[in-house]
Amino acid sequence: MAQITNTILMIRPAVFRMNEETAVNNYFQNSLSQTDQEVIDLARAEFDAFVTQLREQGIQIIVVDDDPALDTPDSIFPNNWISFHSDGRVALYPMFAENRRRERREEVLEAVEQNGFVIREIMDYTDAEQEGVFLEGTGSMILDRVNHTAYCALSPRADKDLFLEFCEDFDYYPVVFNALQTVDQKRVAVYHTNVILCIGEAFAVVCLSCIDNAQERKSVVAQLNSDGKEIIDITEEQMHQFAGNMLQVKGLGDKRFIVMSQSALESLTSNQKNLMEKHGALLAAGLPTIETCGGGSARCMMAEVFLPKS
(Lines give C-alpha, C1' and ligand atoms only; values in the text may rest on other atoms or scores of the structure.)
Protein backbone atom coordinates (compact mmCIF):
# COMPACT_ATOMS: atom_id res chain seq x y z
CA MET A 1 0.00 0.00 0.00
CA ALA A 2 1.43 3.36 -1.05
CA GLN A 3 0.31 6.89 -0.22
CA ILE A 4 1.60 8.41 -3.46
CA THR A 5 1.77 7.35 -7.10
CA ASN A 6 3.65 8.31 -10.25
CA THR A 7 0.58 7.96 -12.52
CA ILE A 8 -2.06 10.68 -12.83
CA LEU A 9 -5.23 10.93 -14.94
CA MET A 10 -5.97 14.41 -16.30
CA ILE A 11 -8.83 15.64 -18.52
CA ARG A 12 -8.04 18.27 -21.16
CA PRO A 13 -10.87 20.83 -21.14
CA ALA A 14 -13.18 21.45 -24.10
CA VAL A 15 -15.68 24.03 -22.81
CA PHE A 16 -14.07 25.37 -19.64
CA ARG A 17 -15.83 28.32 -17.99
CA MET A 18 -17.10 29.46 -14.61
CA ASN A 19 -19.70 26.79 -13.86
CA GLU A 20 -22.93 28.52 -12.89
CA GLU A 21 -24.19 25.33 -11.18
CA THR A 22 -21.24 25.01 -8.80
CA ALA A 23 -20.83 28.73 -8.01
CA VAL A 24 -23.70 28.56 -5.49
CA ASN A 25 -21.40 27.01 -2.85
CA ASN A 26 -17.88 27.32 -4.29
CA TYR A 27 -16.78 30.73 -3.06
CA PHE A 28 -13.46 30.50 -4.89
CA GLN A 29 -15.08 30.98 -8.31
CA ASN A 30 -15.12 34.32 -10.13
CA SER A 31 -15.82 35.40 -13.68
CA LEU A 32 -13.21 36.94 -15.97
CA SER A 33 -13.59 39.79 -18.45
CA GLN A 34 -12.36 37.69 -21.41
CA THR A 35 -14.70 36.14 -23.97
CA ASP A 36 -15.79 32.51 -23.52
CA GLN A 37 -13.40 31.35 -26.22
CA GLU A 38 -10.49 33.29 -24.72
CA VAL A 39 -11.14 31.69 -21.35
CA ILE A 40 -11.13 28.22 -22.94
CA ASP A 41 -7.91 28.98 -24.81
CA LEU A 42 -6.22 30.27 -21.64
CA ALA A 43 -7.36 27.25 -19.61
CA ARG A 44 -6.10 24.84 -22.28
CA ALA A 45 -2.73 26.60 -22.43
CA GLU A 46 -2.42 26.39 -18.62
CA PHE A 47 -3.44 22.72 -18.70
CA ASP A 48 -0.95 21.82 -21.46
CA ALA A 49 1.92 23.62 -19.73
CA PHE A 50 1.08 21.85 -16.45
CA VAL A 51 1.08 18.42 -18.14
CA THR A 52 4.43 19.20 -19.78
CA GLN A 53 5.88 20.29 -16.42
CA LEU A 54 4.79 17.04 -14.75
CA ARG A 55 6.01 14.83 -17.60
CA GLU A 56 9.41 16.55 -17.59
CA GLN A 57 9.86 15.25 -14.03
CA GLY A 58 9.03 11.68 -15.05
CA ILE A 59 5.47 11.71 -13.73
CA GLN A 60 3.23 9.54 -15.92
CA ILE A 61 0.20 11.49 -17.17
CA ILE A 62 -2.79 9.86 -18.88
CA VAL A 63 -4.54 12.68 -20.75
CA VAL A 64 -8.11 12.19 -21.98
CA ASP A 65 -9.80 14.90 -24.05
CA ASP A 66 -13.12 16.22 -22.80
CA ASP A 67 -16.06 15.82 -25.19
CA PRO A 68 -17.29 19.32 -26.21
CA ALA A 69 -20.76 17.94 -26.98
CA LEU A 70 -21.32 17.20 -23.29
CA ASP A 71 -20.92 20.86 -22.19
CA THR A 72 -19.00 19.98 -19.00
CA PRO A 73 -17.27 23.17 -17.83
CA ASP A 74 -15.57 21.48 -14.84
CA SER A 75 -14.29 18.34 -16.59
CA ILE A 76 -10.74 19.55 -15.83
CA PHE A 77 -11.32 18.36 -12.21
CA PRO A 78 -11.74 14.56 -12.58
CA ASN A 79 -10.75 13.68 -9.00
CA ASN A 80 -14.28 14.63 -7.90
CA TRP A 81 -16.09 11.88 -9.79
CA ILE A 82 -13.61 8.98 -9.80
CA SER A 83 -10.95 7.39 -7.61
CA PHE A 84 -8.63 4.47 -8.32
CA HIS A 85 -7.51 1.97 -5.67
CA SER A 86 -4.65 -0.49 -5.34
CA ASP A 87 -6.97 -3.51 -5.02
CA GLY A 88 -8.26 -2.88 -8.55
CA ARG A 89 -11.45 -1.14 -7.48
CA VAL A 90 -12.68 2.12 -8.98
CA ALA A 91 -15.21 4.33 -7.18
CA LEU A 92 -17.70 6.56 -9.02
CA TYR A 93 -19.17 9.41 -7.02
CA PRO A 94 -22.45 11.39 -6.91
CA MET A 95 -21.98 14.98 -8.04
CA PHE A 96 -23.76 18.06 -6.69
CA ALA A 97 -24.00 19.88 -10.06
CA GLU A 98 -26.11 18.17 -12.72
CA ASN A 99 -23.79 19.24 -15.53
CA ARG A 100 -20.87 17.58 -13.71
CA ARG A 101 -22.59 14.17 -13.80
CA ARG A 102 -21.93 14.05 -17.54
CA GLU A 103 -18.18 13.97 -16.81
CA ARG A 104 -18.47 10.28 -15.88
CA ARG A 105 -17.53 8.62 -19.17
CA GLU A 106 -16.72 5.05 -20.10
CA GLU A 107 -13.93 6.32 -22.40
CA VAL A 108 -12.01 7.58 -19.38
CA LEU A 109 -11.95 4.11 -17.80
CA GLU A 110 -10.98 2.60 -21.16
CA ALA A 111 -8.06 5.02 -21.50
CA VAL A 112 -6.76 3.99 -18.07
CA GLU A 113 -7.02 0.30 -19.02
CA GLN A 114 -5.28 0.98 -22.33
CA ASN A 115 -2.34 2.28 -20.28
CA GLY A 116 -1.93 -1.16 -18.77
CA PHE A 117 -3.99 -0.87 -15.58
CA VAL A 118 -6.46 -3.47 -14.33
CA ILE A 119 -9.97 -2.52 -13.18
CA ARG A 120 -11.45 -5.41 -11.19
CA GLU A 121 -14.61 -3.84 -9.81
CA ILE A 122 -16.56 -0.59 -9.97
CA MET A 123 -18.10 0.74 -6.78
CA ASP A 124 -20.88 3.01 -7.98
CA TYR A 125 -22.28 5.49 -5.45
CA THR A 126 -24.02 7.65 -8.04
CA ASP A 127 -27.58 6.49 -7.20
CA ALA A 128 -27.35 8.83 -4.20
CA GLU A 129 -27.88 11.75 -6.62
CA GLN A 130 -31.57 10.79 -6.80
CA GLU A 131 -31.82 11.45 -3.04
CA GLY A 132 -29.91 14.73 -3.34
CA VAL A 133 -26.95 13.22 -1.50
CA PHE A 134 -23.37 13.85 -2.69
CA LEU A 135 -19.78 12.82 -2.02
CA GLU A 136 -17.34 14.32 -4.50
CA GLY A 137 -14.46 11.87 -4.47
CA THR A 138 -11.03 13.00 -3.32
CA GLY A 139 -12.34 16.55 -3.33
CA SER A 140 -14.67 15.68 -0.44
CA MET A 141 -12.39 13.09 1.18
CA ILE A 142 -8.67 13.10 1.86
CA LEU A 143 -7.36 9.54 2.01
CA ASP A 144 -4.39 8.43 4.06
CA ARG A 145 -4.07 5.19 2.12
CA VAL A 146 -1.28 3.70 4.25
CA ASN A 147 -2.90 4.31 7.65
CA HIS A 148 -6.42 3.72 6.31
CA THR A 149 -7.68 7.04 7.65
CA ALA A 150 -10.13 9.19 5.66
CA TYR A 151 -10.86 12.85 6.45
CA CYS A 152 -14.07 14.58 5.42
CA ALA A 153 -15.20 18.16 5.98
CA LEU A 154 -19.00 18.07 5.76
CA SER A 155 -20.64 20.33 3.17
CA PRO A 156 -23.49 20.28 0.64
CA ARG A 157 -21.07 18.16 -1.45
CA ALA A 158 -19.95 15.79 1.29
CA ASP A 159 -22.66 13.75 3.01
CA LYS A 160 -21.73 12.13 6.31
CA ASP A 161 -23.65 8.86 5.87
CA LEU A 162 -22.32 8.31 2.37
CA PHE A 163 -18.79 9.05 3.57
CA LEU A 164 -19.19 6.46 6.34
CA GLU A 165 -20.48 3.96 3.76
CA PHE A 166 -17.40 4.58 1.60
CA CYS A 167 -15.15 4.09 4.65
CA GLU A 168 -16.83 0.78 5.44
CA ASP A 169 -16.54 -0.42 1.83
CA PHE A 170 -12.87 0.56 1.50
CA ASP A 171 -11.79 -0.11 5.11
CA TYR A 172 -10.95 3.44 6.22
CA TYR A 173 -11.24 4.93 9.70
CA PRO A 174 -13.45 8.05 9.29
CA VAL A 175 -12.54 11.48 10.66
CA VAL A 176 -15.51 13.83 10.20
CA PHE A 177 -15.42 17.54 10.93
CA ASN A 178 -16.74 20.93 9.79
CA ALA A 179 -14.51 23.38 7.91
CA LEU A 180 -15.66 26.97 7.54
CA GLN A 181 -14.45 30.05 5.71
CA THR A 182 -15.48 33.69 6.00
CA VAL A 183 -17.59 34.99 3.11
CA ASP A 184 -19.31 38.39 3.47
CA GLN A 185 -18.63 38.40 7.22
CA LYS A 186 -20.34 35.01 7.63
CA ARG A 187 -18.80 31.59 8.36
CA VAL A 188 -19.88 29.16 5.63
CA ALA A 189 -18.89 25.58 4.78
CA VAL A 190 -15.76 25.11 2.67
CA TYR A 191 -17.01 23.29 -0.44
CA HIS A 192 -14.24 20.64 -0.62
CA THR A 193 -11.95 19.13 1.99
CA ASN A 194 -9.02 19.19 -0.45
CA VAL A 195 -8.75 22.97 -0.32
CA ILE A 196 -7.95 22.87 3.39
CA LEU A 197 -6.07 19.56 3.72
CA CYS A 198 -3.32 17.72 1.84
CA ILE A 199 -1.84 14.48 3.16
CA GLY A 200 1.51 13.17 1.96
CA GLU A 201 3.61 10.22 3.10
CA ALA A 202 4.92 11.91 6.25
CA PHE A 203 3.34 15.37 6.32
CA ALA A 204 -0.01 17.12 6.24
CA VAL A 205 -0.71 20.67 5.06
CA VAL A 206 -3.85 21.84 6.84
CA CYS A 207 -5.75 25.05 7.54
CA LEU A 208 -6.59 24.46 11.19
CA SER A 209 -8.20 27.90 11.58
CA CYS A 210 -11.01 26.70 9.26
CA ILE A 211 -12.01 24.11 11.86
CA ASP A 212 -13.89 26.39 14.26
CA ASN A 213 -14.98 23.65 16.66
CA ALA A 214 -12.13 23.16 19.15
CA GLN A 215 -12.95 19.50 19.79
CA GLU A 216 -13.05 18.69 16.06
CA ARG A 217 -9.79 20.56 15.50
CA LYS A 218 -8.19 18.62 18.34
CA SER A 219 -9.32 15.28 16.95
CA VAL A 220 -8.00 16.08 13.45
CA VAL A 221 -4.61 17.07 14.91
CA ALA A 222 -4.54 13.99 17.16
CA GLN A 223 -5.28 11.68 14.24
CA LEU A 224 -2.63 13.28 12.01
CA ASN A 225 -0.11 13.04 14.85
CA SER A 226 -0.92 9.40 15.60
CA ASP A 227 -0.51 8.58 11.90
CA GLY A 228 2.98 10.13 12.00
CA LYS A 229 2.32 13.24 9.92
CA GLU A 230 4.34 16.42 10.35
CA ILE A 231 1.66 19.13 10.47
CA ILE A 232 2.26 22.25 8.37
CA ASP A 233 -0.45 24.74 9.31
CA ILE A 234 -1.58 27.37 6.79
CA THR A 235 -3.72 30.47 7.32
CA GLU A 236 -7.19 31.00 5.90
CA GLU A 237 -5.70 33.69 3.66
CA GLN A 238 -3.19 31.15 2.28
CA MET A 239 -6.01 28.63 1.85
CA HIS A 240 -7.75 31.17 -0.40
CA GLN A 241 -4.62 31.11 -2.58
CA PHE A 242 -5.05 27.30 -2.82
CA ALA A 243 -2.14 26.54 -0.47
CA GLY A 244 -4.10 23.55 0.88
CA ASN A 245 -4.76 22.18 -2.61
CA MET A 246 -1.53 20.23 -3.11
CA LEU A 247 -0.56 16.67 -4.00
CA GLN A 248 2.62 14.72 -3.32
CA VAL A 249 3.62 12.54 -6.28
CA LYS A 250 6.54 10.40 -7.45
CA GLY A 251 8.66 11.25 -10.48
CA LEU A 252 11.72 9.78 -12.15
CA GLY A 253 13.80 7.57 -9.89
CA ASP A 254 11.08 7.78 -7.22
CA LYS A 255 11.93 11.44 -6.59
CA ARG A 256 9.21 13.12 -4.51
CA PHE A 257 7.40 16.25 -5.64
CA ILE A 258 4.78 18.39 -3.94
CA VAL A 259 2.62 19.78 -6.73
CA MET A 260 0.72 23.04 -6.31
CA SER A 261 -0.15 26.21 -8.19
CA GLN A 262 2.05 29.28 -8.50
CA SER A 263 -0.41 31.28 -6.37
CA ALA A 264 -0.20 28.63 -3.64
CA LEU A 265 3.61 28.70 -3.73
CA GLU A 266 3.74 32.49 -3.59
CA SER A 267 1.47 32.54 -0.53
CA LEU A 268 3.78 30.32 1.54
CA THR A 269 6.28 31.63 4.07
CA SER A 270 9.92 30.60 3.75
CA ASN A 271 9.52 28.50 6.92
CA GLN A 272 6.55 26.61 5.43
CA LYS A 273 8.49 26.02 2.20
CA ASN A 274 11.47 24.70 4.15
CA LEU A 275 9.22 22.27 6.04
CA MET A 276 7.63 21.05 2.80
CA GLU A 277 10.94 20.68 0.98
CA LYS A 278 11.95 17.99 3.47
CA HIS A 279 9.21 15.89 1.85
CA GLY A 280 9.74 16.71 -1.84
CA ALA A 281 10.73 19.31 -4.41
CA LEU A 282 8.07 22.03 -4.80
CA LEU A 283 6.60 22.01 -8.31
CA ALA A 284 4.34 24.98 -9.05
CA ALA A 285 2.11 25.45 -12.12
CA GLY A 286 0.68 28.76 -13.35
CA LEU A 287 -3.10 28.20 -13.22
CA PRO A 288 -4.67 31.69 -12.86
CA THR A 289 -7.56 31.15 -15.29
CA ILE A 290 -8.39 27.68 -14.01
CA GLU A 291 -8.29 28.83 -10.39
CA THR A 292 -10.34 31.99 -10.98
CA CYS A 293 -13.13 30.51 -13.10
CA GLY A 294 -13.04 26.93 -11.89
CA GLY A 295 -12.54 27.57 -8.20
CA GLY A 296 -10.16 24.61 -8.08
CA SER A 297 -6.42 24.25 -8.40
CA ALA A 298 -3.58 21.82 -9.08
CA ARG A 299 -4.69 18.97 -6.85
CA CYS A 300 -8.26 19.03 -8.23
CA MET A 301 -6.89 18.49 -11.75
CA MET A 302 -5.11 15.25 -10.83
CA ALA A 303 -6.85 11.91 -10.29
CA GLU A 304 -4.22 9.54 -8.91
CA VAL A 305 -4.06 6.04 -10.41
CA PHE A 306 -3.21 3.33 -7.84
CA LEU A 307 -4.60 0.39 -9.83
CA PRO A 308 -2.51 -2.76 -10.32
CA LYS A 309 -0.72 -3.15 -13.66
CA SER A 310 -1.74 -5.99 -15.98
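**Exercise 1. A partner in β13**

Which residue in β13 is the bridge partner of valine 206? Work in the predicted model, then find the partner of valine 206 on the other side, in β11.

*Solution.*
Step 1. Look along β13. Aspartate 233 is the bridge partner of valine 206 there.
Step 2. Turn to β11. Leucine 197 has valine 206 in β12 as its bridge partner.
Step 3. Add one more pair. Cysteine 198 stands opposite valine 205 of β12.

**Exercise 2. Build the sheet**

Work out the strand order of the sheet that holds β12, and say how each pair of strands runs.

*Solution.*
Step 1. Recall the general rule. Strands of a sheet pair through backbone hydrogen bonds, in a parallel or an antiparallel sense.
Step 2. Take β11 and β12, residues 203–206. They are antiparallel, with three bridges. They form a hairpin, and three residues lie between them.
Step 3. Take β12 and β13. Their pairing is parallel, over four bridges.
Step 4. Put the pairs together. The order is β11-β12-β13, in an open sheet of three strands with mixed pairing.
Step 5. Find the edges. β11 (197–199) and β13 (230–233) each have a single partner strand, so each has one side without a neighbour in the sheet.
Step 6. Check the twist. From one strand to the next, it averages 15°.

**Exercise 3. The two faces of β12**

Sort the residues of β12 by the way they point, and name the helix that lies across this strand.

*Solution.*
Step 1. Phe203 and Val205 point one way.
Step 2. Ala204 and Val206 point the other way.
Step 3. Decide whether they are buried or exposed. All of these residues are buried.
Step 4. Now find the helix. Helix α8, residues 270–277, lies across β12 and β13. It runs at about 155° to β13.

**Exercise 4. Count the disulfides**

How many disulfides does the structure hold? Explain the result for cysteine 152 and cysteine 210.

*Solution.*
Step 1. Fix the cut-off. The two cysteine sulfur atoms of a disulfide lie within 2.5 Å.
Step 2. Test cysteine 152. The closest cysteine sulfur belongs to cysteine 167, 8.0 Å away, so this is too far for a bond.
Step 3. Test cysteine 210. The closest cysteine sulfur is in cysteine 207, at 3.3 Å, which is also too far for a bond.
Step 4. State the total. The structure has zero disulfides.
Step 5. Add the burial. Cysteine 152 is buried, at a relative accessible area of 0%. Cysteine 210 is buried too, with a value of 0%.

**Exercise 5. Three residues, three places**

Locate isoleucine 234, serine 267 and glutamine 57, and decide for each whether it is buried, partly exposed or exposed.

*Solution.*
Step 1. Fix the cut-offs. Buried means under 20% relative accessible area, and exposed means over 50%. Partly exposed lies in between.
Step 2. Isoleucine 234 sits in the loop between β13 and α6 (236–239). Its relative accessible area is 2%, so isoleucine 234 is buried. Beyond its neighbours within four places in sequence, its contacts include Val205, Val206, Cys207 and Gln272. Threonine 269 is 35 residues away along the chain, yet the C-alpha atoms of the two are separated by 9.3 Å.
Step 3. Serine 267 belongs to helix α7, residues 262–267. At 19%, serine 267 counts as buried. Apart from residues up to four places away in sequence, serine 267 touches Gln238, Gln241, Ala243 and Gln272.
Step 4. Glutamine 57 lies in the loop between α1 (36–56) and β2 (60–65). Its value is 30%, so glutamine 57 is partly exposed. Leaving out neighbours within four places in sequence, glutamine 57 is in contact with Gly251, Leu252, Phe257 and Leu283. Isoleucine 211 is 154 residues from glutamine 57 in sequence and 35 Å from it in space, C-alpha to C-alpha.

**Exercise 6. The whole protein**

Compare the radius of gyration of the protein with that of a compact globule.

*Solution.*
Step 1. Count the elements. The protein has nine helices and 17 strands.
Step 2. Set the expected value. For 310 residues, a compact globule would have a radius of gyration near 19 Å.
Step 3. Compare. The protein has 18 Å, which agrees.
Step 4. Look at the box. The C-alpha atoms fill roughly 45 × 45 × 45 Å along the principal axes.
Step 5. Add the burial. Of the 310 residues, 58% are buried.

Technical notes
Residues numbered from 1 in each chain as written. Predicted model: local features only at pLDDT ≥ 70, side-chain atom pairs only at ≥ 80, totals over all residues. Heavy atoms only, no water. Pairing = 2+ DSSP bridges. Axes fitted to C-alpha atoms, helices over the stretch in contact; angles between N-to-C directions. Contact = heavy atoms within 4.5 Å. Buried < 20%, exposed > 50% of the residue type's maximum accessible area, 1.4 Å probe, protein only. Rg over C-alpha atoms; globule rule 2.2 N^0.38 Å.
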